[in-house]
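Trainee: I am new to this one and would like to understand the words people use for it. Could we look at it together?

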Amino acid sequence: MTPHTAAPDTSAGVVRLRVPADSRYARVVRVAVGAYAQRLGAPPRVVEDVRLAIDEALILVLAVLGAEADTTHVTLVLTLDHDEATGDLICRAVVGWGGK
């Protein structure tokens with residue numbers, strides 16, 4: 001018997017996270033993004049890949065922002081879609097930052 005794998009539920013739309021521009025909040029973002037991917041039905045390997053990609057993006061952004069004293073927050077906009085043709089889960093993330 002072959003187990004049935006349902007397509008991820010992408011009806012949840014877009015998730016926006018805004019956190020202080022501080023590396024101590026990277027774990028919060030990683031956990032939230034992983035939970036979102038898991039909720040949409042992504043396989044465990046994909047959930048971990050999404051977490052890793054977001055973590056790396058956040059580390060790079062925070063490294064660049066280190067010199068910018070007026071930056072107070074980082075905003076992540078995440079969309080997960082299901083490609084009907086291939087069955088792949090597509091993750092789109094936009095990371096931005098701002099001041100007071």
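Mentor: Happily; we will take the terms one by one and set each value against its cut-off. Please keep in mind that this is a predicted model.

Trainee: Where should I begin, and what pattern does the protein chain follow along the sequence?

Mentor: Begin with the elements: the protein chain has two helices and three strands. Read along the sequence, they come in the pattern β-α-α-β-β. The helices are H1, residues 26-39, and H2, residues 44-65. Strand S2 covers 71-82, and strand S3 covers residues 89-99.

Trainee: How do you know that the length of H2 agrees with what a helix of 22 residues should span?

Mentor: The expected span is 1.5 Å times one less than the number of residues. For the 22 residues of H2 that comes to 32 Å, and the end C-alpha atoms are 31 Å apart, so the two values agree.

Trainee: Why is Asp55 called buried?

Mentor: Buried means under 20% relative accessible area. Asp55 has 16%, so it counts as buried. This residue sits in helix H2, and its contacts beyond four places in sequence are Ala26 and Arg30.

Trainee: Which other residues of H2 are buried?

Mentor: Besides Asp55, the buried residues of H2 are Val46, Val47, Val50, Ile54, Leu58, Val61, Leu62 and Leu65. As a general point, an α-helix has 3.6 residues a turn, so residues three or four places apart point the same way. You can look for such spacings among Val47, Val50, Ile54 and Leu58, which are in the buried set. Over the protein chain, buried residues make up 29% of the 100 residues.

Trainee: Why is Arg30 called partly exposed rather than buried?

Mentor: Partly exposed lies between the 20% and 50% limits. Arg30 is at 25% relative accessibility, so it counts as partly exposed. Arg30 belongs to helix H1 and touches Arg51 and Asp55, leaving out residues up to four places away in sequence. Its C-alpha atom is 9.3 Å from that of Leu58, 28 residues apart along the chain.

Trainee: What makes Asp81 and Asp83 partly exposed?

Mentor: Asp81 is at 25% relative accessibility, so it counts as partly exposed. Asp83 has a relative accessible area of 25%, so it is partly exposed too. Asp81 lies in strand S2, while Asp83 lies in the loop between S2 and S3. Asp83 touches Asp88 and Ile90, not counting residues up to four places away in sequence.

Trainee: How do you know that Ala93 is in contact with residues from elsewhere in the sequence?

Mentor: Contact means heavy atoms within 4.5 Å. Leaving aside neighbours within four places in sequence, Ala93 is in contact with Ile54, Leu76, Val77 and Leu78. Ala93 is found in strand S3, and at 40% relative accessibility it counts as partly exposed. Ala93 and Leu78 are 15 residues apart in sequence and 4.5 Å apart in space, C-alpha to C-alpha.

Trainee: How much of the contact count joins residues that are 24 or more positions apart?

Mentor: Among contacts with a separation of 6 or more, such pairs account for 61%.

Trainee: What makes a space inside the structure a cavity?

Mentor: A cavity is a set of points where a 1.4 Å probe fits but cannot get out. A search of the whole structure finds one cavity of 30 Å³ or more. The largest cavity has a volume of about 50 Å³, so it passes that limit.

Trainee: Which residues line the largest cavity?

Mentor: The lining consists of Val19, Val29, Ile54, Ala57, Leu58, Val74, Thr75, Leu76 and Val95. H2 and strand S2 each supply at least two of these residues.

Trainee: How many residues of that lining are nonpolar, polar or charged?

Mentor: Eight are nonpolar, one is polar and none is charged.

Trainee: And what does the protein chain expose?

Mentor: About 6600 Å², with carbon and sulfur atoms supplying 56% of it.

Definitions and conventions
Residues are numbered from 1 along each chain as its sequence is written. This is a predicted model: local features need pLDDT of at least 70, side-chain atom pairs count only at pLDDT 80 or more; totals for chains, interfaces and linings use all residues. Side-chain values use heavy atoms; hydrogens and water are left out. Helices (H or I, at least four residues) and strands (E, at least two) are DSSP runs, numbered from the N terminus. Buried means under 20% relative accessible area, exposed over 50%, partly exposed in between (1.4 Å probe, protein chains only). Accessible areas come from the Shrake-Rupley method with a 1.4 Å probe; for residues, only the protein chains shown count as cover. On a 1 Å grid over the protein atoms alone, a cavity is a set of points where a 1.4 Å probe fits but cannot get out, and a pocket is an open set with protein on both sides within 12 Å along at least five of seven lines; lining residues have an atom within 4 Å of a point. Ala, Val, Leu, Ile, Met, Phe, Trp, Tyr, Cys and Pro count as nonpolar, Asp, Glu, Lys and Arg as charged, and the others, Gly among them, as polar.
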